Amino acid sequence: MSESTRDAHQIPRSSKACRRLFGPVDSEQLRQDCDALMASCVQEARERWNFDFITETPLEGDFAWERVRGLGLPKIYLPTGPRGTWDDLGGGKRPSTSPALLQGTSQEDHVDLLLSCTLVPHSPERPEGSPGGPASQGRKRRQTSMTDFYHSKRRLIFSKRKP
Amino acid sequence: MELLCCEVDPVRRAVPDANLLHDDRVLQNLLTIEERYLPQCSYFKCVQKDIQPYMRRMVATWMLEVCEEQKCEEEVFPLAINYLDRFLAGVPTPKTHLQLLGAVCMFLASKLKETIPLTAEKLCIYTDNSIKPQELLEWELVVLGKLKWNLAAVTPHDFIEHILRKLPQPNEKLSLIRKHAQTFIALCATDFKFAMYPPSMIATGSVGAAICGLQQDEDVSSLTGDALVDLLARITNTDVDCLKACQEQIEVVLLNSLQQYRQDQDGSKSEDELDQASTPTDVRDIDL
């Protein structure tokens with residue numbers, strides 16, 4: 001099913017819904033706010049996981065990070081595009097750490113994290129986090145950042161490989 | 001050469017799953033988790049400095065128009081509003097970003113709920129090209145991050161079938177009741193008053209208001225008045241008085257909306273854009 005099907009709902013020429021609501025939009029301001037908010041997302045993730053996602057270095061905190069080798073990932077998880085492809089992931093090869101990671105797309109971010117390390121919490125943890133409730137000490141149990149999804153995927157793949 | 005016949009509805013929908021709808025555990029689980037997806041605070045008081053309640057109504061009304069014109073699934077609009085409210089409850093936002101935010105929320109909700117989602121390009125056209133597709137995509141990531149990727153929020157629509165199933169209505173009346181209830185749910189989403197209400201209460205109140213409204217014209221229900229409210233309240237464990245209050249508020253919002261529509265009809269086209277078409281189209285079908 002292609003885009004063309006939805007295009008059956010073309011925007012009518014005289015659609016009243018095509019309008020700007022609050023005057024001109026300052027693109028420069030949008031850009032700055034976008035960068036600032038993304039930076040705060042990264043900072044939240046850093047604190048949540050005691051891991052620096054930009055330099056890919058573990059930090060002091062609740063979680064112990066260790067490098068994963070020989071995941072033997074299914075093809076679907078292999079990155080495509082400008083960052084190149086690795087056809088052998090079984091030999092512990094991984095791309096060199098990329099400080100520019102977060103300037104790339106989130107998809108690259110995702111794949112690289114998945115390859116680079118797994119998360120070992122000090123205490124047992126439910127694999128699937130529950131959606132975020134109000135902030136509380138139950139931090140081990142909720143998805144407090146977008147990286148929680150990487151986390152559960154990592155665990156899933158990792159545990160599958162174990163005998 | 002292959003010939004393709006495109007006369008059928010191109011949208012694929014799953015058939016209603018009796019295993020999900022006829023199992024009370026599903027309803028109980030929905031009731032348990034629904035509060036997690038409510039905005040964390042009444043953000044006009046504690047977070048936003050630039051954005052006023054009337055601006056939320058403007059952006060919500062615009063979003064509803066876009067969803068209706070694009071024939072989005074019913075859940076898309078309330079879900080998008082849920083994203084909008086949850087984002088605004090956490091992030092102070094200037095009013096010039098509000099329409100972009102509304103577009104991003106529709107973009108996400110449509111992708112989650114529809115087989116053929118709205119495109120970024122189309123949404124940008126609806127903002128009169130005041131934003132670019134690239135900006136929409138960048139802000140999509142921001143919104144996802146701030147919502148912590150929790151997109152599968154519970155909406156009032158999730159409760160409708162569970163409620164309707166337990167009513168003693170004849171089957172042929174159900175589709176009309178459902179249609180009106182869906183319209184009330186959309187109406188509630190445009191009004192900030194309802195933003196902090198649990199979705200189950202909005203759903204229950206909407207079904208109640210739909211039956212009461214229809215009852216005046218034809219016999220749609222063997223239950224009326226207090227007996228109906230009691231039954232509805234029991235289905236979703238809602239407090240009876242809260243439910244009554246909610247249903248009354250829905251009826252008030254409907255009345256206001258209808259009055260607004262009549263004013264617009266009375267040739268006051270010169271009114272500024274602020275008040276333009278603040279009536280969901282389906283409401284026009286409803287007679288009180």
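B:L228 touches B:I211, B:C212 and B:L223, where contact means heavy atoms within 4.5 Å and residues up to four places away in sequence are not counted. This leucine is placed in helix α12 of chain B; helices are DSSP runs of H or I with at least four residues, strands are runs of E with at least two, and both are numbered from the N terminus. B:L228 counts as buried because its relative accessibility is 2%. Buried means under 20% relative accessible area, exposed over 50%, and partly exposed in between, with a 1.4 Å probe and protein chains only. The C-alpha atom of B:L228 is separated by 8.8 Å from that of B:L167, although the two residues are 61 places apart along the chain.

The model is predicted: local features need pLDDT of at least 70, side-chain atom pairs count only at pLDDT 80 or more, and totals for chains, interfaces and linings use all residues. Residues are numbered from 1 along each chain as its sequence is written, chains are lettered from A and ligands numbered from 1 in the order in which they are written, and side-chain values use heavy atoms, with hydrogens and water left out.

**Helices α12 and α2 of chain B**

The buried residues of α12(B) are B:L228, B:V229, B:L231, B:L232, B:A233 and B:I235. Their cover includes α2, α9, α11 and α13 (240–265) of chain B. After α12(B) comes B:N237, which has a positive phi near 50 degrees.

In helix α2 of chain B (residues 24–33), B:L27, B:L30 and B:L31 are buried. These leucines lie on the same side of α2(B) because they cover an arc of only 100 degrees around the axis, the arc being that of the directions from the helix axis to the C-beta atoms. An α-helix has 3.6 residues a turn, so residues three or four places apart point the same way. On the face of α2(B) turned away from the buried side are the exposed residues B:R25 and B:T32. The buried residues of α2(B) pack against α9 (157–165), α11 (199–215) and α12 (225–235) of chain B.

**Overall organisation of chain B**

Chain B has 13 helices and 0 strands. Of its 288 residues, 52% count as buried. Among contacts in chain B between residues at least 6 apart in sequence, 78% join residues at least 24 apart.

The domain assignment, which is automatic or taken from a database, divides chain B into domain 1 (38–147) and domain 2 (156–266). The C-alpha centres of these two domains of chain B lie 25 Å apart. Their contact takes 17 residues from domain 1 of chain B and 13 residues from domain 2 of chain B. Between them the two domains of chain B bury about 1,200 Å², of which 72% is on carbon and sulfur atoms. Buried area is the accessible area (1.4 Å probe) that two parts lose on being put together, summed over both. B:L38, B:R56 and B:E74 supply 35% of the area that domain 1 of chain B buries against domain 2 of chain B, more than any other three residues.

**Packing of α4 against α10 in chain B**

The axes of helix α4 (residues 53–69) and helix α10 (residues 171–190) of chain B come within 8 Å and cross at roughly 145 degrees. Axes are lines fitted to C-alpha atoms, for helices over the stretch in contact, and angles run from 0 to 180 degrees between N-to-C directions. From α4(B), the residues B:R56, B:R57, B:A60 and B:L64 meet B:A186, B:A189 and B:T190 of α10(B). By class, this contact has 4 nonpolar, 1 polar and 2 charged residues; Ala, Val, Leu, Ile, Met, Phe, Trp, Tyr, Cys and Pro count as nonpolar, Asp, Glu, Lys and Arg as charged, and the others, Gly among them, as polar.

B:T190 is placed in helix α10 of chain B and, at 12% relative accessibility, counts as buried. Residues up to four places away in sequence aside, B:T190 touches B:R56, B:R57, B:A60, B:L64 and B:F77.

**Positive phi in chain A**

Most residues other than glycine have a negative phi. The table gives two residues of chain A with a positive value.

| Residue | Phi | Loop in chain A | Relative accessibility |
|---|---|---|---|
| A:N50 | near 35 degrees | between α2 (27–49) and β1 (51–52) | 6%, buried |
| A:E56 | near 60 degrees | between β1 and β2 (57–58) | 10%, buried |
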